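Q: Could you take a close look with me at one part of this structure: the side of domain 1 that touches domain 2? I would like to know which elements build that side.

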Amino acid sequence: MFENLSDKLDRAFKVLKGQGTITEINVAETMKEIRKALLDADVNYKTAKSFTDDVKQKALGANVLTAVSPGQLLTKLMNDELAALMGGTTSELTLTASPTVILIAGLNGAGKTTFTGKLANFLKTQKNKKPLLVADDIYRPAAIDQLEVLGEQIGVPVYTNRESKDPIAIAKEGIAHAKQNGNNIVIIDTAGRLAIDEAMMVEIEQVKAAVNPHEILFVVDSMTGQDAVNTAKVFNDRLDFTGVVLTKLDGDTRGGAALSIKSVVNKPIKFIGTGEKMEAIDVFHPDRMASRILGMGDVVSLVERAQMQFDEKEAAELQKKIRKNKFDFNDFFNQIQQIKKMGNMKDLMGMIPGVGKMMKDVDVPDDAFKGIEAIINSMTPAEKENPDLINPSRRNRISKGSGRDIQEVNRLIKQFEDMRKVMKQMSNPAAMAAMMKRMP
Ligand code: GDP
């Protein structure tokens, strides 16, 4: 995410890093580089200019008061200012009404329907809500099918009326349906167009007037940079939406949309989409995003993602198994599945401070676990449960069955055994204490 921008900002900072003090001259030089980096990332010109003017003033003003180095001071200032630029604080959905009606708007291809599914899944699994989806795109039957497939996948009902050609009526029917069926959230996926179009605007304005939504979320593809910002402006002038959803931040988007949208339309970014899967949705936190852009990682989000995927009861069971030294290949396999659900590997690594920068040119395949999975899948149930059974001839069979080299099989089993040893020590307080004592 935003690797190019991070890189260029890092280089801009170098001007100051070697210097003992902040002066007009070295700050001006750094700001010039930062402005260039922002413009290259497709940040709106006015936004980039007022941003750097602001940081410059604060840097010069703060210098006398602090004991930190100019580089550190600038990092802190940039972090605060970037966060402020993206909205400052996290902006949550208002979900108090029952049902809460959420209207989803945007151009075709922006990721509207995908986001509608992701949001329903998020509200269901993270907020304990009972959402209903409403398919209000009367022009594309495929869009209705797509929503139904997503609904099925996440276990959320979808209201459709394929006979009707009246989006206002469908939206109202959807809400009535939700009330009858105890759904406390209604998410309406509206029709888009390929480009801004008067008929679409009128239609969505009418739907808005008819259903009086509590939230109107404008979905936009972050890869489209300044176009995204311009489209957002037009939609906001007509709809006065409550928040922005930036999709496709997992791609090599330059970051311009994320950095300029708030200052141009003055509406908060509420969610980001980071992949095609239903789990690839994040609440947008300006401060954490700032820290990621500056290459400082985002440990808080990483931990949250882990918490979302790992079930407490399961974790307790697993701990029991570890304590009894019964951790087996089935558990190992399950752990891998959970890690995979946390998201794209490179994205996860980018959340660890320093690692994002280190890994920027490294290709991390999404199927990094494929070999391990193939090997485990070629074990018999008895072998999975009792790894001690796996003697050399069984290793050969597993290697042939999985199509992986025998060295790879041996390496995995060795790593697994080492892991079990460490687990055993950690679960034994006496052994742990002895180990600690040995440490320098
Ligand atoms: P709509 O026309 O606005 O409803 O757009 P869709 O929801 O059909 O999405 C268009 C395409 O973008 C689909 O292929 C989606 O899988 C893809 N897409 C949506 N959101 C994301 C995202 O956050 N990341 C990536 N990589 N792809 C996405």
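**Where domain 1 meets domain 2**

A: Happy to. The protein chain is assigned domain 1 (3-85), domain 2 (100-296) and domain 3 (306-438), with bounds taken from an automatic or database domain assignment. Residues are numbered from 1 along each chain as its sequence is written. This is a predicted model, in which local features need pLDDT of at least 70 and side-chain atom pairs count only at pLDDT 80 or more, while totals for chains, interfaces and linings use all residues.

Between domain 1 and domain 2, the C-alpha centres are 34 Å apart. Across the boundary, 17 residues of domain 1 are in contact with 18 residues of domain 2 (C-beta atoms, placed from the backbone, within 7 Å). On the domain 1 side, the elements giving two or more residues are α1 (3-17) and α4 (70-85); helices here are DSSP runs of H or I with at least four residues, and strands are runs of E with at least two, numbered from the N terminus. The largest share, six residues, belongs to α4. Sorted by class, this side of domain 1 holds nine nonpolar, six polar and two charged residues (nonpolar: Ala, Val, Leu, Ile, Met, Phe, Trp, Tyr, Cys and Pro; charged: Asp, Glu, Lys and Arg; polar: the others, Gly among them).

For comparison, the shell around the ligand has two nonpolar, twelve polar and four charged residues. Helix α5 (residues 112-127) gives the most to that shell, with three residues.

Terms used
Two residues are in contact if their C-beta atoms, placed from the backbone, lie within 7 Å.
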